[in-house]
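Grab a coffee and work through a few short exercises on the chain below. Try each task yourself before reading its solution.

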Amino acid sequence: MNITKLHILVLIEKYKKVTDVAAELGLKQPTVTFHMKSLESELGTALFQYRSGRVLLTEAGRTLYQYAVKMVYLNAEAERSIKQFTSPSDGELELVAGYIPGTYLLPKMISPFMKQYPGSKLSLSIQEDSLLREQLRLQEVQFALLHNMDTSDKSFNYQQLVSEEAVLIYAPGHPFDENPPVTAEQVASQPWVQHAEGSTLRIIADKWAKLNHVRLWNRTELNSPETLKALVSQGDSVGIFSKAGIEAELSLGRLKYTSLPGVQTEFGRFMLAWRKDYILSALQQAFVNGIIDIQ
């Protein structure tokens with residue numbers, strides 16, 4: 001069994017279509033089909049079954065899949081580990097980040113770093129907080145910039161960055177603009193534009209409400225932080241946001257903010273996290289070292 005055949009089996013389970021697998025690997029469809037038949041012939045059993053235009057794994061295929069995933073990952077990891085011995089300036093910095101740190105914190109960190117390594121490339125993927133944490137646990141991603149994570153999990157290395165500061169935001173002209181709220185009840189009585197369930201800022205808002213024994217009026221819920229800010233800036237609603245993410249709106253006079261009154265919850269920190277069984281590339285290690293130097 002060569003690694004290409006196993007990679008095809010893994011991708012068949014993911015996409016369920018030969019055409020999508022071929023596109024992913026940059027191969028022609030007949031080539032993918034040839035490798036599938038070759039793998040079945042090599043093992044002497046059917047691994048794939050065709051139903052309503054989809055390709056599914058047989059019971060034997062699903063058994064092999066468990067091993068194929070590990071073998072494909074180890075192959076990619078071995079190649080990446082060897083390549084890391086080249087100069088960092090010629091490498092690729094691979095990062096996955098939560099929306100808030102990836103959008104508002106990372107650019108300030110990346111800009112001077114990329115100037116230091118002008119021959120390097122940046123590969124960045126932005127994910128929802130809850131999804132990214134789960135991907136880390138499942139080893140689907142290995143190195144990530146997070147908006148909080150449970151540091152009691154000893155299977156990860158952590159490098160803490162700047163502290164989070166979550167604030168209450170509202171539009172200029174809102175009643176809070178003249179008279180900032182002094183009680184949790186005043187805040188809770190306002191129509192809220194809330195972040196989606198599972199996001200760090202939603203968790204902070206819900207914890208704050210629970211600590212202060214109030215029920216928030218969640219009139220609108222969004223999974224786009226940028227849209228949330230825009231909506232708050234246009235009306236009578238309030239919301240919670242990372243102070244690091246509203247600098248542009250503050251300078252343009254589109255938003256105002258104040259601290260949340262009452263009992264405070266822990267806002268947490270932005271942090272880098274990577275599995276202890278994952279060997280950082282030379283460029284990733286240089287990035288971590290650079291972050292440590294500026295702390």
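The exercises start with the whole chain and then turn to single residues.

This is a predicted model, where local features need pLDDT of at least 70, side-chain atom pairs count only at pLDDT 80 or more, and totals for chains, interfaces and linings use all residues. Residues are numbered from 1 along each chain as its sequence is written, and side-chain values use heavy atoms, with hydrogens and water left out.

**Exercise 1. Work out how spread out the chain is.**

Step 1: start with the secondary structure, which comes to twelve helices and twelve strands. These are DSSP runs, numbered from the N terminus: H or I over at least four residues for helices, E over at least two for strands.

Step 2: compare the radius of gyration with the globule rule. The chain comes out at 24 Å, well over the 19 Å that the rule gives for 295 residues, so it is more spread out than a compact globule. The radius is taken over C-alpha atoms, and the rule is 2.2 Å times the number of residues to the power 0.38.

Step 3: look at the box. Along the principal axes, the C-alpha atoms fill roughly 75 × 50 × 35 Å.

**Exercise 2. Describe burial, contacts and charge for the whole chain.**

Step 1: of the 295 residues, 44% are buried. Buried means under 20% relative accessible area, exposed over 50%, and partly exposed in between (1.4 Å probe, protein chains only).

Step 2: take the contacts (heavy atoms within 4.5 Å) with a separation of 6 or more. Residues 24 or more positions apart account for 73% of them.

Step 3: place the charges, with Lys and Arg counted as positive, Asp and Glu as negative, and His and the chain ends not counted. Each charge sits at NZ of Lys, CZ of Arg, CG of Asp or CD of Glu. The mean positions of the 30 positive and 32 negative charges are 4 Å apart.

**Exercise 3. Is histidine 195 buried or exposed, and what does it touch?**

Step 1: find histidine 195 in strand β8, residues 191-195.

Step 2: its relative accessible area is 5%, so histidine 195 is buried.

Step 3: list the contacts, skipping residues up to four places away in sequence. Histidine 195 touches Leu201, Arg202, Glu221, Leu222, Leu228, Ile240 and Phe241.

Step 4: check the side chain, which reaches the backbone oxygen of isoleucine 240 at 2.7 Å.

**Exercise 4. Do the same for threonine 58.**

Step 1: threonine 58 sits in the loop between β2 (54-57) and α4 (59-83).

Step 2: with a relative accessible area of 13%, threonine 58 is buried.

Step 3: leaving aside neighbours within four places in sequence, threonine 58 contacts Ala46, Leu47, Phe48 and Gln49. The side chain of threonine 58 reaches the backbone oxygen of alanine 46 at 2.7 Å.

**Exercise 5. Place aspartate 153 and find a polar partner.**

Step 1: go to the loop between β5 (143-147) and β6 (156-163), where aspartate 153 is found.

Step 2: a relative accessible area of 25% makes aspartate 153 partly exposed.

Step 3: the side chain of aspartate 153 makes a polar contact with the side chain of serine 155 at 2.6 Å. A polar contact is a pair of N or O atoms within 3.5 Å; within protein, one must be able to donate a hydrogen and the other to accept it, and residues adjacent in sequence count only if both atoms are side-chain atoms.

**Exercise 6. Look at the backbone of lysine 16.**

Step 1: lysine 16 lies in the loop between α1 (3-15) and α2 (18-25).

Step 2: phi of lysine 16 is near 70°, a positive value in a residue other than glycine.
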